Amino acid sequence: MKTDDTNPAKWLDEHLEAFLDGELKAEEAQKFERLLEQDEASQQSLLWAVNIRDELRAVPTPEPPATLQKDILHAVRKEARADQRNSFFSALGALFTFEQTHVLRPALATLTLLVIATTLLFVLNRPTLPQPEPESISQAEIDQALAEAKWALGYVSKTGRMTGTSMQDALAPLLKEQTKK
């Protein structure tokens with residue numbers, strides 16, 4: 001990782017999250033700590049980042065609607081059945097692409113037709129299980145989920161890092177009050 005020795009404050013700001021997550025190499029972590037000891041503004045930034053991280057961890061994880069799990073399982077099962085059909089027909093096509101002798105080809109074609117006929121009989125005679133109707137989700141639940149997702153993405157996105165300075169300015173009075181307590 002290339003460091004910017006001309007602007008230590010910028011380097012600290014760019015590596016703050018990696019430091020908090022314990023992702024810096026040993027020498028980078030030591031450099032971070034040395035620079036942090038020399039700059040009071042960076043110490044304040046670290047305190048803000050720790051407070052924000054702690055507050056985010058304290059936010060409860062919302063439970064998804066019960067129907068969401070059923071809908072996902074239904075879609076996965078449907079996709080798995082389609083994948084099985086596709087792989088069967090791919091294997092079937094592969095049988096006829098190999099260079100076979102004239103004697104082997106008719107035997108493979110007969111065997112293939114028997115397998116297809118048996119499979120179709122099995123599939124057509126198998127009772128189908130009734131699929132439950134998915135419950136509808138209210139617009140309020142959708143709006144709430146979207147709002148929560150937007151908040152979460154805002155905290156972890158690169159845009160959040162770029163607007164960090166303005167967030168620090170807005171949160172500074174609140175954090176100063178909190179540190180005084």
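## Helix H4 and its greasy patch

Let's start with Val76, which has its place in helix H4 (residues 66-95). Helices here are DSSP runs of H or I with at least four residues, strands are runs of E with at least two, and both are numbered from the N terminus. Val76 joins Leu68 and Ile72 in a nonpolar patch on the surface, and together they have about 250 Å² of accessible area. To count for a patch, a residue needs over 30% relative accessible area and no salt bridge; nonpolar side chains (Val, Leu, Ile, Met, Phe, Trp, Tyr) are joined within 5 Å, like charges within 9 Å. The accessible areas come from the Shrake-Rupley method with a 1.4 Å probe, and for residues only the protein chains shown count as cover.

## What you're looking at

This is a predicted model, where local features need pLDDT of at least 70 and side-chain atom pairs count only at pLDDT 80 or more, while totals for chains, interfaces and linings use all residues. Residues are numbered from 1 along each chain as its sequence is written, and side-chain values use heavy atoms, with hydrogens and water left out.

## The chain as a whole

The chain has eight helices and zero strands, so no surprise in how DSSP runs spell out the order of elements from the N terminus: α-α-α-α-α-α-α-α. Of its 181 residues, 15% count as buried; that means under 20% relative accessible area, with exposed being over 50% and partly exposed in between (1.4 Å probe, protein chains only). About 14,900 Å² of the chain is exposed, and carbon and sulfur atoms supply 61% of that.

Now for contacts, meaning heavy atoms within 4.5 Å. Among those with a separation of 6 or more, 55% come from residues 24 or more positions apart.

## The aromatic cluster

How many aromatic pairs does the structure hold? There are two. Rings of Phe, Tyr and Trp (its six-membered ring) pair if their centres lie within 6.5 Å; planes under 30 degrees apart count as stacked, over 60 as edge-to-face and the rest as tilted. Trp11 and Phe32 make a tilted pair, because their ring centres are 6.3 Å apart and their planes stand at 50 degrees. This pair links distant parts of the chain, with Trp11 in helix H1 (residues 8-20) and Phe32 in helix H2 (residues 26-38), 21 residues apart. Both Trp11 and Phe32 are buried.

Phe19 and Phe32 form a stacked pair, 4.2 Å centre to centre with 20 degrees between the planes. Again distant parts of the chain are linked: Phe19 sits in helix H1 and Phe32 in helix H2, 13 residues apart. Phe19 is partly exposed at 22% relative accessibility, whereas Phe32 is buried with a relative accessible area of 1%. Ring pairs tie Trp11, Phe19 and Phe32 into a cluster. Lys31 gets involved too: its charged end sits over the ring of Trp11, 4.5 Å from the centre. For that, NZ of Lys or CZ of Arg has to be within 6 Å of the ring centre and within 35 degrees of the ring normal.

## A salt bridge and a loop residue

The whole structure has one salt bridge, defined as a side-chain nitrogen of Lys or Arg within 4 Å of a carboxyl oxygen of Asp or Glu. The partners are Asp54 and Arg53, with their closest N and O atoms 3.7 Å apart. Asp54 is partly exposed at 36% relative accessibility, and Arg53 is partly exposed with a relative accessible area of 23%.

Ser138 lies in the loop between helix H5 (104-125) and helix H6 (139-156). Its C-alpha atom is 10.0 Å from that of Pro65, 73 residues away along the chain.
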